[in-house]
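This report introduces a structure to a reader who meets it here for the first time. Please examine the sequence and the model shown below before reading on.

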Amino acid sequence: MASFLTSSSRLFSRRVPPTIQSFLKQQQRRRPIFTTPQSPFKSVKLPTTFTRTLRTAYNYGTYAASPLIRTFESYGQAQRKRPYVTQLLTSIAIYALGDLNAQLLFGEKGTEYDPVRTGRNIAIGGVFSIPSYLWFKYLGESFNFRSKLLSISTRVLVNQIFFTPVFLAAFFTLQSVFASVGTVSTREMIDTLKKTIPTAYINSCKLWPAVTAVNFWFVPLEFRALFGGAIAVGWNGYLSFLSQQANKQEDAFDLPVEAMTTITAPQKTLLQIEDAKAVL
């Protein structure tokens with residue numbers, strides 16, 4: 001190939017007149033045909049101490065965050081290999097932390113910690129773990145439209161219309177059954193649902209559509225349960241607190257009349273005067 005180009009260039013130089021050859025050579029000297037692009041910005045050299053400081057900070061930051069990174073990688077591998085076991089343990093931890101949050105941070109002053117109540121929430125978390133995982137897996141695989149915004153909006157809407165009311169009803173029903181050790185009546189359960197579900201559903205509309213949208217848009221599949229669980233710690237604490245308030249109201253209504261009415265000293269004196277008048 002090189003010999004062919006050399007022979008062709010020699011042939012071209014023989015046939016072209018010398019005046020034209022000299023003109024072409026002058027044009028090549030003035031403006032070369034092949035030029036290397038140069039950046040309009042001059043290279044800025046940072047001070048050596050500054051670059052060393054940045055490199056040291058990056059190395060230390062990476063080293064400090066490496067245990068956290070390895071933890072997330074291990075969780076993702078466990079979620080891919082054993083999704084049901086991982087989801088069960090994640091739900092148990094989420095519901096336990098949610099009840100601890102409700103009792104220790106938002107509980108009434110002077111009340112002692114109730115481990116039985118935490119056990120009830122752990123049992124409820126174990127019941128909901130696999131159905132919730134299957135539902136969100138189905139939701140992530142469905143409603144795949146050309147527009148990503150339309151797909152995620154549809155998933156959020158379907159989740160808020162169908163899953164949230166069923167979840168709230170099942171959660172408060174199990175709370176009532178476990179709290180009363182199976183002796184709760186149907187009327188009391190319906191009253192509890194009427195008191196808790198509307199408030200909880202309205203507040204869920206303020207939080208969970210945004211959480212679900214972020215979860216489906218940015219978070220990978222194996223980390224969606226963990227991301228939703230981090231938000232659910234506070235949410236489950238709120239639901240546990242709401243259920244406890246409803247149970248306290250029911251206990252107040254179930255008290256006998258003698259315990260609900262207290263007679264003060266002036267009222268007792270007036271009653272004695274009225275009894276004396278009646279005798280006279």
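How far apart do the end C-alpha atoms of residues 157-178 lie? In this predicted model, they lie 31 Å apart, and the span is 100% helix and 0% strand. According to an unreviewed UniProt entry, the annotation "transmembrane region" covers residues 157-178 as well as residues 84-106 and 118-136. The table sets out two of these spans.

| Residues | Helix | Strand | Distance between end C-alpha atoms |
|---|---|---|---|
| 118-136 | 100% | 0% | 25 Å |
| 157-178 | 100% | 0% | 31 Å |

**Packing of two helices**

Helix H6 (residues 148-179) packs against helix H7 (residues 186-218) at an angle of about 150°, and their axes are 8 Å apart. Because angles over 145 degrees count as roughly antiparallel, H6 is roughly antiparallel to H7. Their crossing is right-handed. The contact between H6 and H7 comprises 20 nonpolar, nine polar and two charged residues.

**The largest pocket**

The largest pocket holds about 760 Å³ of space. It is lined by 34 residues, of which Gln87, Ser132, Phe136, Ala225 and Gly228 are the closest to its centre. Two or more lining residues come from each of helix H3 (48-81), helix H4 (83-104), helix H5 (115-141), H6, H7 and helix H8 (224-253). H8 gives the largest share of the lining, seven residues. By class, the lining has 16 nonpolar, 14 polar and four charged residues. H6 and H7 thus appear both in the helix packing described above and in the lining of the largest pocket.

Notes. Residues are numbered from 1 along each chain as its sequence is written. This is a predicted model: local features need pLDDT of at least 70, side-chain atom pairs count only at pLDDT 80 or more; totals for chains, interfaces and linings use all residues. Side-chain values use heavy atoms; hydrogens and water are left out. Axes are lines fitted to C-alpha atoms, for helices over the stretch in contact, and angles run from 0 to 180 degrees between N-to-C directions. Helices (H or I, at least four residues) and strands (E, at least two) are DSSP runs, numbered from the N terminus. Angles under 35 degrees count as roughly parallel, over 145 as roughly antiparallel, 65 to 115 as roughly perpendicular and the rest as oblique. A crossing is left-handed if the near helix is turned anticlockwise from the far one by less than a right angle, and right-handed if clockwise. Ala, Val, Leu, Ile, Met, Phe, Trp, Tyr, Cys and Pro count as nonpolar, Asp, Glu, Lys and Arg as charged, and the others, Gly among them, as polar. On a 1 Å grid over the protein atoms alone, a cavity is a set of points where a 1.4 Å probe fits but cannot get out, and a pocket is an open set with protein on both sides within 12 Å along at least five of seven lines; lining residues have an atom within 4 Å of a point. Grid points are joined across faces, edges and corners, and a volume is the space filled by probe spheres set on the points. UniProt positions are given in the numbering used here, feature names are shortened, and annotations may be inferred rather than shown by experiment.
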